[in-house]
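Reader: I would like a close look at a single part of this model, namely the surface that the protein presents to the nucleic acid. Please take me through it carefully, with the cut-offs behind each term.

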2 protein chains.
Amino acid sequence: MNIKPTARLPLVRSYDQFCSLAKTLDVIGERWTMLVLRELMLRGPSRYTDLRDGLPGIATNLLADRLRDLEQAGLVEREEAPPPIATTLYRLTTRGEELRPAIVELARWGMAFMPEAPEDDSFRGHWLVFPVELYLADQAPDQPPVTVQVQAGDEPMVIETVDGRLRTRRGRVEHPDLLLSGMPKLVLGVVTGMLAFDAAVGRGLHYEGDPATLKRLQPPSVRLKASAGPRL
Amino acid sequence: MNIKPTARLPLVRSYDQFCSLAKTLDVIGERWTMLVLRELMLRGPSRYTDLRDGLPGIATNLLADRLRDLEQAGLVEREEAPPPIATTLYRLTTRGEELRPAIVELARWGMAFMPEAPEDDSFRGHWLVFPVELYLADQAPDQPPVTVQVQAGDEPMVIETVDGRLRTRRGRVEHPDLLLSGMPKLVLGVVTGMLAFDAAVGRGLHYEGDPATLKRLQPPSVRLKASAGPRL
DNA sequence: CAGCATCCGCTTTGATACTG
DNA sequence: CAGTATCAAAGCGGATGCTG
């Protein structure tokens with residue numbers, strides 16, 4: 001008996017409200033969906049396995065479901081990369097990339113929770129990209145470029161000035177002006193300025209090089225928060 | 001994935017990721033939660049029944065759950081209003097109000113879906129407040145104030161200039177400079193400039209008064225979209 | 001191994017009924 | 001008016017199976 005297996009209907013649940021927020025949530029409101037978008041925004045075009053690694057806790061079938069839904073909605077497109085990659089890459093479309101301001105605003109609001117986050121939360125180094133976008137900017141574009149090597153979780157990350165702008169990428173650099181390593185909460189704290197450098201060192205942050213490199217990257221208003229804001 | 005007990009028995013599912021977006025979604029990522037916040041942002045302090053009316057489709061137990069969770073998270077507080085109101089009011093705390101930029105950005109992104117929304121979507125007049133915030137501004141604050149009476153769904157709404165700023169509120173005004181009434185999609189279309197006024201009239205929009213009143217409120221860049229943008 | 005699909009126990013949601 | 005109670009259905013999380 002050969003009954004056609006009913007192809008999973010894309011029966012996405014809708015709020016059925018004539019409201020643009022409701023329409024947005026119809027598309028990206030399900031569990032895990034915005035975190036999938038985060039991964040694609042932070043990592044760029046990614047393989048399935050890398051996405052799964054960047055989403056600790058997700059069930060693999062859910063990741064497949066979300067990618068299919070996002071593709072159907074036009075936010076994600078798959079690219080069959082030719083050899084030597086020879087794998088499927090998932091990338092944001094223009095429409096998906098247009099969600100970045102909204103996602104960044106949500107991430108900004110959530111920064112207030114970071115100081116009180118449990119110590120056993122999972123962490124990936126590239127999650128530092130949003131905080132860097134939110135809290136850092138090159139304050140002296142005329143000076144020679146600087147690089148900060150960060151080792152917080154699994155992946156080493158580099159924060160570097162490029163043409164007066166900041167770039168955060170995975171990898172290592174030969175002779176960074178400053179190297180930071182330690183628990184994610186300490187590294188995030190000193191990078192954002194929410195935690196004073198001395199206090200972080202006292203709590204176990206390791207560093208090499210010139211701590212003043214951070215001041216080059218932190219706007220004055222941010223540095224103020226190190227003393228007044230919540231303690232990481 | 002851990003399940004954390006909050007106060008009594010309600011369990012809040014957490015992503016357990018040291019990422020501020022994940023922390024945000026731990027708090028407001030469940031189904032209906034952001035729409036509850038929308039209602040509180042658009043209507044101000046509200047009674048339970050009014051919230052339920054502004055959230056067509058929500059189950060009453062879910063509304064109660066969400067309000068409890070939001071209160072616990074510190075985004076919403078309840079106020080026992082004394083007579084003559086003699087009821088409990090729900091209102092956003094400062095922390096909850098700080099989510100407005102993020103919610104507005106999500107709503108902005110979703111505007112692109114409005115032209116193709118089903119005709120039988122539910123609608124409430126005060127849902128026009130976000131679009132007005134996003135698309136309109138007083139272009140001639142020196143001129144005498146203007147008022148637009150809008151009748152799109154159940155509740156009549158007024159858009160009025162106040163000290164060079166725009167205010168949208170429920171209610172009626174005596175002699176508006178312009179009165180618009182008709183299907184939500186048509187009214188939204190002409191208000192945002194996504195739909196040319198003549199086209200809207202041709203499709204059933206009713207109006208009284210001076211259509212040029214809208215130009216007073218629409219930035220030039222918005223008016224351009226009326227001819228080039230997608231048709232509502 | 002990458003990239004899913006399937007199965008199963010559990011949780012959340014949705015619709016309705018009911019109560020102070 | 002402002003919720004709680006109940007229960008079926010859908011969604012989720014975890015494990016495992018299949019295919020190139």
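Author: The surface near DNA strand C draws at least two residues from each of helix H3 (48-54), helix H4 (60-73) and strand S3 (88-92) of chain A, and likewise from helix H4 (60-73) of chain B. Here a residue is near a strand if one of its heavy atoms lies within 4 Å of it, while helices (H or I, at least four residues) and strands (E, at least two) are DSSP runs numbered from the N terminus. The model is a predicted one, in which local features need pLDDT of at least 70 and side-chain atom pairs count only at pLDDT 80 or more, whereas totals for chains, interfaces and linings use all residues. Residues are numbered from 1 along each chain as its sequence is written, chains are lettered from A and ligands numbered from 1 in the order in which they are written, and side-chain values use heavy atoms, with hydrogens and water left out.

Around DNA strand C there are 21 residues, of which A:Thr87, A:Tyr90, B:Arg31, B:Trp32 and B:Arg66 are the closest. Of the atoms of this strand that come within 4 Å of the protein, 67% belong to sugar and phosphate. By class, the surrounding residues comprise six nonpolar, eight polar and seven charged, where Ala, Val, Leu, Ile, Met, Phe, Trp, Tyr, Cys and Pro count as nonpolar, Asp, Glu, Lys and Arg as charged, and the others, Gly among them, as polar.

Individual polar contacts (pairs of N or O atoms within 3.5 Å; within protein, one must be able to donate a hydrogen and the other to accept it, and residues adjacent in sequence count only if both atoms are side-chain atoms) add detail to this picture. On DNA strand C, a phosphate oxygen is 3.0 Å from a polar backbone atom of A:Tyr48. Bases of DNA strand C are also reached, since a polar side-chain atom of B:Asn61 lies 3.0 Å from a base nitrogen and one of A:Asn61 lies 3.4 Å from a base oxygen.

A:Asn61 also leads to the other strand, where a polar atom of its side chain is 3.1 Å from a base oxygen of DNA strand D. From chain B, a side-chain N or O atom of B:Thr60 is 3.4 Å from a base nitrogen of DNA strand D, and one of B:Thr88 is 3.5 Å from a phosphate oxygen of DNA strand D. In total, 23 residues lie around DNA strand D, and those that come nearest are A:Arg31, A:Leu62, B:Thr49, B:Thr87 and B:Tyr90. Sugar or phosphate supplies 76% of the atoms of DNA strand D within 4 Å of the protein, the rest being from bases. The elements that each give at least two residues to this surface are H4 of chain A and, in chain B, helix H3 (48-54), H4 and strand S4 (88-92). Its residues divide into seven nonpolar, eight polar and eight charged.

One further residue of chain A deserves attention, namely A:Trp32, which lies in the loop between H1 and H2 of chain A. A:Trp32 has a positive phi of about 80° although it is not a glycine, and most residues other than glycine have a negative phi. With a relative accessibility of 4%, A:Trp32 counts as buried, a term that means under 20% relative accessible area, with exposed being over 50% and partly exposed in between (1.4 Å probe, protein chains only).
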